[in-house]
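Here are a few notes to read alongside the model. Have the sequence open next to it as you go.

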Amino acid sequence: MLPGDLSYADYVQHLWDTFGELVQPLASARPWMVTEGNHERESIPLLKSGFQAYNARWKMPFEESGSPSNLYYSFEVAGVHIIMLGSYTDYGKDSEQYNWLKADLSKVDRQRTPWLLVSLHVPWHNSNFAHQGEGDDMMATMEPLLYASGVDILIAGHVHAYERSVRVKNGRVDPCGIVHITIGDGGNREGLAHRYHQPKPEWSAFREASFGHGELEIVNSTHAYWGWHRNDDDEPVKSDSVWINSLVSSGCVASGNLL
């Protein structure tokens, strides 16, 4: 899963191709499920609509999930229902994305998929100075839907650093809230986002400005294991790790269909 900012082509179209050649050995061996970031926009007012290169090169299963747009969709794998949202397309309560999300959540069966995950580009809970507050409007609109549906984990990018929260809702610790993970530290030309607000918010469990990647292991219907690796360390070393209990097992949501 890649929560946006793929090639950093930024209108230079041949960079899409060199990026594709770079990742082909990996992307041809296992599925890459992506959502768009700001570097995929490539829009020119009055001349060119956004995301044309992205939509042409990264075909996600949006039609199969009933979505009207390649910019947001859902899929299921290994007991997990995963929703990929678009931070840079309309998300207001009258938007197609909001209405699709509400319909998609209503179809989730927590007996078949006890885990419910969301991924998008702009983080909603972020204690870094970089991109501070950029996800607030989308959070205000969509967090009530996700909270009512018992979303377990939300994975975001955008901020070039790592941060993991405890379960949180609207900036407050909540045992039935969402675990937010910012994993925008895969590499970029802009460097790391080193400055964090002090003191660390109560909801922030771990944060660090280092390049790295994360691994999520769905162990069974009630437990998952998350680990974060710094690029500077050996692969077996986990700089941050945590066991996560599903909200179904915690009694926060009932099994079966929601909404």
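What does Arg-230 count as at its relative accessibility: buried, partly exposed or exposed? Keep that in mind while reading; the answer comes in point 1.

1. First, a reminder that this is a predicted model. Now to the question: Arg-230 counts as partly exposed, because its relative accessibility is 24%. Its salt-bridge partner is Asp-233, with the closest N and O atoms 2.9 Å apart. Asp-233 is partly exposed as well, at 25% relative accessibility.

2. That pair is one of several, as the count comes to eight salt bridges. Another one to look at joins the side chains of Arg-189 and Asp-10, at 2.4 Å from N to O. This pair ties together distant parts of the chain: Arg-189 is in the loop between β7 and β8 (204–208), Asp-10 is in the segment before α1 (14–27), and 179 residues separate them. Arg-189 is exposed, since its relative accessible area is 57%, whereas Asp-10 is partly exposed at 23%.

3. Next, try Asp-152 and Arg-167, whose closest N and O atoms are 3.6 Å apart in a salt bridge. Here too distant parts of the chain are linked: Asp-152 belongs to the loop between α4 and β4, Arg-167 to strand β5, with the two positions 15 residues apart. Asp-152 is buried, with a relative accessible area of 0%. Arg-167 is also buried, at 12%. Through shared partners, salt bridges join Arg-110, Asp-152 and Arg-167 into one network.

4. Helix α4 (residues 136–149) deserves a look of its own. At 1.5 Å a residue, its 14 residues should span 20 Å, and the end C-alpha atoms are indeed 20 Å apart, so the two agree. Even so, there is a kink of about 45° at Met-142, shortly before the proline Pro-144. Just after the helix, Gly-150 takes a positive phi of about 75°.

5. Which residues of α4 are buried? Among them are Met-138, Met-139, Thr-141, Leu-145 and Leu-146, and the kink residue Met-142 is on the list too. The buried residues of α4 pack against α3 (96–106) and against the strands β3 (115–119), β4 (153–156), β5 (162–169) and β7 (178–183).

6. Lastly, the annotation. An unreviewed UniProt entry marks residues 177–235 as "domain: Purple acid phosphatase C-terminal". In the model this span is 0% helix and 44% strand, and its end C-alpha atoms lie 31 Å apart.

Conventions:
Residues numbered from 1 in each chain as written. Predicted model: local features only at pLDDT ≥ 70, side-chain atom pairs only at ≥ 80, totals over all residues. Heavy atoms only, no water. UniProt positions renumbered as here; feature names shortened; annotations may be inferred. Helix = DSSP H or I, 4+ residues; strand = E, 2+ residues; numbered from the N terminus. Expected span 1.5 Å × (residues − 1). Bend = angle between axes of the 7 residues up to and from the residue. Buried < 20%, exposed > 50% of the residue type's maximum accessible area, 1.4 Å probe, protein only. Contact = heavy atoms within 4.5 Å. Salt bridge = Lys/Arg side-chain N within 4 Å of Asp/Glu carboxyl O.
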